[in-house]
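Here are my notes on this one, kept short and in numbered points. Have a look at the sheet and the helices beside it as you read.

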Amino acid sequence: MLRIVNRVLLGIAGLVLLVTGAAVLTVGLGVDPPSWWIHDGRNDVLLSDAERTHWRDAGWWWPTVIAVLALLVLLALWWLTAVLRRHRLAEVLVDTGDGEGALLRGRALEGVLTTEATQLEGVDRAHAHLTGRRNAPEARVRLLLQPYVDPGEALQRVTTEAIAHARDSAGLEALPADVRLQGVKHRAKRVT
């Protein structure tokens, strides 16, 4: 739902900016504007002195302007955080084989995936996060590896063991995963 709202709002904003920019550009290039257009001609300013100072003495004008601008800023910040926030998958749809389905809590699958990844040899800590849709989940796994562990081997084991077990236990056809590896900070080993 958020993707649809995001695309619609971006499309409307882009269309308004495109039409306004094209109209201002054509008036600036010397095309006669229609009678209802806000600019009269090429040398017209956006706000004349009379328009700018018309409501200055009204006591309600500046609080209203500030309130509307503050509301626009708050809406823009809400929209930005909604777009940037990575949504956690609340439940995964498990095919039970009888035409019905069962719902598995996303946090339970994340916990199992985290626990199994942590128990792998050479993994100091692990964290799993499920995203995507409930019938097509995706996993994001972060591993903190102990010193002197082969990252390729750790990646192979987490893929073939932890992620494969999670995929099979939930009855999923596929469980795409983004695995990020990081090493534990440690002192350099002295060579004599």
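1. Which residue in β5 is the bridge partner of Arg 140? It's Asp 178. Keep in mind that this is a predicted model. The pair belongs to the contact between β4 and β5, which run in the parallel sense and share 7 bridges. To get from β4 to β5 the chain goes through α5, and that β-α-β crossover is right-handed.

2. Now the sheet as a whole. It's an open one with 3 strands in the order β3-β4-β5, and the pairing is mixed. At the edges sit β3 (123–133) and β5 (177–183), each of them pairing on one side only. Ignoring direction, neighbouring strands are turned by 15° against each other on average.

3. The antiparallel part is the pairing of β3 with β4 (residues 136–145), which covers 10 bridges. These two strands make a hairpin, with 2 residues between them. Two of the bridges can be picked out by name: Arg 133 has Ala 136 in β4 as its partner, and Gly 132 has Pro 137 in β4. When you go through the side chains here, remember that in a regular strand they alternate between the two faces of the sheet.

4. Next, how the helices sit on the sheet. α5 lies across β4 and β5, and runs at about 140° to β5. What about α4, and which strands does α4 touch? α4 packs on the sheet against β3 and β4, and its direction makes about 150° with that of β3.

5. The two helices also pack on each other. α4 (residues 106–118) and α5 (residues 151–169) meet at an angle of about 155°, and their axes are 10 Å apart. Since the cut-off for roughly antiparallel is over 145 degrees, that angle makes α4 roughly antiparallel to α5. The crossing of α4 and α5 is right-handed.

6. Finally, who is in that helix contact? α4 brings Leu 109, Leu 113, Glu 116 and Ala 117. On the α5 side they meet Val 158, Glu 161, Ala 162, Ile 163, His 165, Ala 166 and Ser 169. By type, the residues of the contact of α4 with α5 come out as 7 nonpolar, 2 polar and 2 charged.

Technical notes
Residues are numbered from 1 along each chain as its sequence is written. This is a predicted model: local features need pLDDT of at least 70, side-chain atom pairs count only at pLDDT 80 or more; totals for chains, interfaces and linings use all residues. Side-chain values use heavy atoms; hydrogens and water are left out. Axes are lines fitted to C-alpha atoms, for helices over the stretch in contact, and angles run from 0 to 180 degrees between N-to-C directions. Helices (H or I, at least four residues) and strands (E, at least two) are DSSP runs, numbered from the N terminus. Angles under 35 degrees count as roughly parallel, over 145 as roughly antiparallel, 65 to 115 as roughly perpendicular and the rest as oblique. A crossing is left-handed if the near helix is turned anticlockwise from the far one by less than a right angle, and right-handed if clockwise. Contact means heavy atoms within 4.5 Å. Ala, Val, Leu, Ile, Met, Phe, Trp, Tyr, Cys and Pro count as nonpolar, Asp, Glu, Lys and Arg as charged, and the others, Gly among them, as polar. Two strands pair if DSSP finds at least two bridges between them. A crossover is right-handed if, with the strands pointing away from the viewer, the path from the first strand over the helix to the second runs clockwise.
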